[in-house]
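Visitor: I should like to learn how to read the contact between two chains. Might we go through it step by step?

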Amino acid sequence: MTAVKGQPRQGETWQDQVLPILRNFDVRHIVYVPDAGHAAAIRGAEADNEITSLALTTEEEGIGYLAGAWLGGERGALLMQSSGVGNCLNTLALQAMTKFPLLMLVTMRGDWAEFNPWQNPMGQATEASLNLMGVRTWRADTPDQVAPLIQGAASMAFNGNEACAVLLGQRLIGAKKWVK
Amino acid sequence: MTGLLDRRAVTAELLKDRGDLLVVTGLGSPSYDAMAAGDHDQNFYLWAAMGSAATVGFGLAMSQRTRPVLVLTGDGEMLMGLGALATIGQVLPPNLTFAVLDNGHYGETGMQQSHAGRGIELSRMAAAANFPWTKVVDDMAGVAELRDRIHARAGTSFATVKIDVGEVDRVLPPRDGVYVKNRFRNALGHPTL
């Protein structure tokens, strides 16, 4: 099967589409706090010799790291969960003041069919929190939305020095199963 | 005299004949110290995002692998970014050096004692995070050795430099973050957008 660069192939899941899009934008650094929704992109980044993949202890480290990588001339993206957005708020001032391209892909908790109510406060405040700090947001709730939204967000980040986040909703990911 | 080092003398020695050195400063006094040693287009001054000096320096070191990168920050700022030491410890870029100007106090906010001033030794935390070279520096010979290490790019290095609490004049670097960022990138030959 001939694959069109950057286009989803038949049988590919939305998870498989994420890293190829980032590669097409010449992303060289994938920094992340682990999450099942990002597992395919993290696995792909770790297998790619041209990409530095890096686990963080907390999400705001990724903002500083990507600012530094951009100062040095390279692009990156931050993969994280909605609960981590709360950790980032003060650090987002770094992007607001320096206008470096910041691309965040955020898997959502606490926005639909959430079993653990402790996830709900941050999950339901995630989008508004990002918007308050000047981050533009788009939400994907179905698989067909993922690729175009990441394309658009990456384009606005890297072509316009914007802070952009794509929120990957729980309806897309599927509710986490805690007990059988 | 306390026998502790003068922060401006320390910074001037570290930034002497800097060549291709890239510098990230933590907010507050280390930014003023770097500015007092002479503004430079390859200085990146933080004015907020406390705790980020370590991560910005790390990202820079990872994208500019052949250049020495110095993170010059204070003990309070470093304390807010301790997790970053563990993150850096996974990778350990050899061109990254930390000089933490440690006076054991939060100078910017009223000189309250910091954790470092209450017995937490930051260089031991860096050692616990796999840093291959860590040191407590308390004399100018140690500062000169640290400067040599920065340029040698011989392994991720971390020094706490014990400085006097004495207040010195503020020498304010530019606060325009976009300007400082663009100036820095231009100096490396990168477009601003």
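Guide: The following turns treat the interface and then one helix of chain B. This is a predicted model, in which local features need pLDDT of at least 70 and side-chain atom pairs count only at pLDDT 80 or more, while totals for chains, interfaces and linings use all residues. Residues are numbered from 1 along each chain as its sequence is written, chains are lettered from A in the order in which they are written, and side-chain values use heavy atoms, leaving out hydrogens and water.

Visitor: What area do chain A and chain B bury between them?

Guide: The size of an interface is often given as the accessible area lost when the parts come together. Here chain A and chain B bury about 2200 Å² (1.4 Å probe, summed over both), with 65% of it on carbon and sulfur atoms. The contact (heavy atoms within 4.5 Å) draws 27 residues from chain A and 28 residues from chain B.

Visitor: Which elements of chain A give two or more residues to the side that touches chain B?

Guide: They are strand S2 (52–55), helix H3 (60–71), helix H5 (92–98) and helix H7 (143–160) of chain A; helices (H or I, at least four residues) and strands (E, at least two) are DSSP runs, numbered from the N terminus. H3(A) gives the most, with eight residues.

Visitor: In chain B, how many residues of helix H3 (residues 53–63) are buried?

Guide: Buried means under 20% relative accessible area, exposed over 50%, and partly exposed in between (1.4 Å probe, protein chains only). In H3(B), 11 of its 11 residues are buried, including Phe58(B) and Met62(B). Ala48(B), in the loop between strand S2 (43–45) and H3 of chain B, is partly exposed, at 33%.

Conventions: Buried area = accessible area lost by both parts, 1.4 Å probe.
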